[in-house]
Amino acid sequence: MKRFHVHVHVDDLARNVAFYSAMFGTQPARVEPDYAKWMLDEPAVNFAISTRGHGHLGVDHLGIQVDSEDDLRAMKAQAQAADMAFIDEGATSCCYARSDKHWIVDPQGLPWEHFRTLGTIPVFSEGEPAQGDTKAAKAPQASACCAPKTTGKPIGIPVKAASTGCC
């Protein structure tokens, strides 16, 4: 199964959780101090919000979540064959999950994430202090996503770093 993924940066998590819960008619499947995610079957969408937008509110990235390694491999081959701007993160951790993922970027610069979730983790990203850690408050708020590998032939569009979103 493939599931559409949307990640939106918000300024007030509680207010947005209430809004989207009412809109979807269900509570989020996961809630953290800076993040919430609904895994909806109808429509089939992984809809996530976070306060990690670093001044940017609104749609952060779109994506396709797959259940199988074969589906992800096929999507990767399709993106590489189409000669799209391509960023391969491989196995990584982000958005309270361990995933295998790669990114493509559309002609407008909008990142699309293709990923398969492998499991959950207790922090937004491994290698970053947990919420409430006093050192975390002093740390820069840069994204903690793993540094991407860029492959393929860029198609003349700016490739945003994977730090623009990672869920």
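User: Before we look around, what counts as a salt bridge here?

Analyst: A salt bridge is a side-chain nitrogen of Lys or Arg lying within 4 Å of a carboxyl oxygen of Asp or Glu. Keep in mind that this model is predicted. Searching the whole structure by that rule gives a total of nine salt bridges.

User: Which residue forms a salt bridge with Asp-88?

Analyst: Side chains of opposite charge can pair when their charged atoms come close. For Asp-88, the closest N and O atoms of the pair are 2.7 Å apart, and the cut-off is 4 Å. The partner is Lys-76.

User: How many residues apart in sequence are the parts that this pair ties together?

Analyst: Asp-88 belongs to strand β6 (residues 86-94), while Lys-76 belongs to helix α2. The pair therefore links a strand with a helix, parts whose separation in sequence is 12 residues.

User: Is Asp-88 buried or exposed?

Analyst: Asp-88 has a relative accessible area of 10%. Buried means under 20%, so Asp-88 fits that class. Its partner Lys-76, at 27% relative accessibility, counts as partly exposed, but Asp-88 is buried.

User: Which helix holds both Arg-73 and Glu-69?

Analyst: The side chains of Arg-73 and Glu-69 meet in a salt bridge, 3.0 Å from N to O. Arg-73 is partly exposed at 46% relative accessibility, and Glu-69 is partly exposed at 43%. They sit four residues apart, about one turn of the helix, and that helix is α2 (residues 69-81).

User: Which residue forms a salt bridge with Arg-30?

Analyst: The closest N and O atoms of this pair are 2.9 Å apart. Both Arg-30 and its partner are buried. That partner is Glu-32.

User: Where is the cis peptide bond that involves Pro-43?

Analyst: Pro-43 lies in the loop between β3 (35-41) and β4 (44-50). The cis bond has an omega of about -5 degrees. It joins Pro-43 to Glu-42.

User: What is phi of Cys-95?

Analyst: Cys-95 is found in the loop between β6 and β7 (97-105), and it is buried, with a relative accessible area of 3%. Its phi is positive, in a residue other than glycine. The value is near 55 degrees.

User: And what is phi of Tyr-96?

Analyst: Tyr-96 is placed in the loop between β6 and β7, and at 2% relative accessibility it counts as buried. Its phi is also a positive value in a residue other than glycine. For Tyr-96, phi is near 60 degrees.

Note on methods
Residues are numbered from 1 along each chain as its sequence is written. This is a predicted model: local features need pLDDT of at least 70, side-chain atom pairs count only at pLDDT 80 or more; totals for chains, interfaces and linings use all residues. Side-chain values use heavy atoms; hydrogens and water are left out. Buried means under 20% relative accessible area, exposed over 50%, partly exposed in between (1.4 Å probe, protein chains only). Helices (H or I, at least four residues) and strands (E, at least two) are DSSP runs, numbered from the N terminus.
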